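Visitor: I am new to this structure. Please take me through a single part of it, slowly and closely.

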Amino acid sequence: MVRFVSRQVGPLPINAALWELSRVDVTHNYALKDAAEVRQALAYLRHVEGGRLQVRTSSESVYWSPQSRMRSAKAYHKGPHLRYQLDKGKAAAAEWQLEAADRLLRLEVALRGEWWRRERRRWWEMTEGDYDQEHENFFSQVVGKVEVPCMDMMSEVERVAKTKGQGRAAYRTWLLIKQCGAEQARSMMPRSTWHLHKKILFAAGLTFADFHAGNVVPLRRRTIVLDQPVRSWDELRAA
């Protein structure tokens, strides 16, 4: 921590105790599928509350307890934020980095003055692992995992099937169910085929309720576990 602060403000006095921290922001970036999925995740997070946390939202951000003197947090879409920084001359980025940032969901927790006054550890004793743990401690109670809508049912069905051909056949059965109902679709194929396709569709996330929902196209949900942040542009490129 001392080395990090020194890079920001210059060499520190030998006695680090002469310095006090009033706030530390701990940020993690999560690479999602695309900008649309980031917006879907934020839409979900707008409804997440926990304990005494107060939620405030804006178009591309969600804030938890922004007025707290202990801890506050926010989630936001890094792409628009990076473009804002570029417009203000506060950052530099290549075009590919701007495009990559559109996939980033950033979760940030601020450890404020009251947190530091109560913390037994000195700021210079804190390690990167300690800050990661504080980030997890906060967001595990608020988020845990994010479930976002996923309309690409065909891709999901193909993914869970043993072969791509089986997946496409099961998806055609799903289209038939939506068109004429489960009972009629069942009567139009061998029993073994019906049970195989039903097994694949259930593995893709459908339920019995979906099978009997008539022509209504269900909005399925896909779980994103936010436990593997990307820590560099290279990691983001590979994600």
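Guide: Let us start in the largest nonpolar core of this predicted model. This core holds 24 residues. W64, L105 and W116 touch the most other members. Several elements each supply at least two of its residues: the strands β1 (23-31), β3 (61-64), β4 (71-77) and β5 (104-112), and the helices α2 (35-45), α5 (113-118) and α6 (128-142). Another core lies apart from it, with 17 residues, including A170 and L176.

Now take W116. Leaving out residues up to four places away in sequence, W116 touches L21, S22, R23, V24, L111, W123, M126 and Y131. W116 has a relative accessible area of 10%, under the 20% cut-off, so it counts as buried.

Next, the rings. The structure holds 6 aromatic pairs. One of them joins W115 and W116, edge-to-face, with 4.9 Å centre to centre and 85° between the planes. W115 is buried too, at a relative accessible area of 8%. W123 and W124 also pair: their centres are 5.8 Å apart and their planes stand at 85°, so this pair is edge-to-face. Here the partners part ways in exposure. W123 is buried, at 5% relative accessibility, whereas W124 is partly exposed, at 30%. As for W64, ring pairs link W64, F138 and F139 into a cluster.

Last, the open space. W116 and W123 are among the residues nearest the centre of the second largest pocket, along with E20, L21 and R122. In all, 13 residues line this pocket: 6 nonpolar, 2 polar and 5 charged. The space in the pocket is about 270 Å³.

How values were computed
Residues are numbered from 1 along each chain as its sequence is written. This is a predicted model: local features need pLDDT of at least 70, side-chain atom pairs count only at pLDDT 80 or more; totals for chains, interfaces and linings use all residues. Side-chain values use heavy atoms; hydrogens and water are left out. On a 1 Å grid over the protein atoms alone, a cavity is a set of points where a 1.4 Å probe fits but cannot get out, and a pocket is an open set with protein on both sides within 12 Å along at least five of seven lines; lining residues have an atom within 4 Å of a point. Grid points are joined across faces, edges and corners, and a volume is the space filled by probe spheres set on the points. Ala, Val, Leu, Ile, Met, Phe, Trp, Tyr, Cys and Pro count as nonpolar, Asp, Glu, Lys and Arg as charged, and the others, Gly among them, as polar. A nonpolar core is a set of buried Ala, Val, Leu, Ile, Met, Phe, Trp, Tyr and Cys residues joined through side-chain atoms within 4.5 Å. Buried means under 20% relative accessible area, exposed over 50%, partly exposed in between (1.4 Å probe, protein chains only). Helices (H or I, at least four residues) and strands (E, at least two) are DSSP runs, numbered from the N terminus. Contact means heavy atoms within 4.5 Å. Rings of Phe, Tyr and Trp (its six-membered ring) pair if their centres lie within 6.5 Å; planes under 30 degrees apart count as stacked, over 60 as edge-to-face and the rest as tilted.
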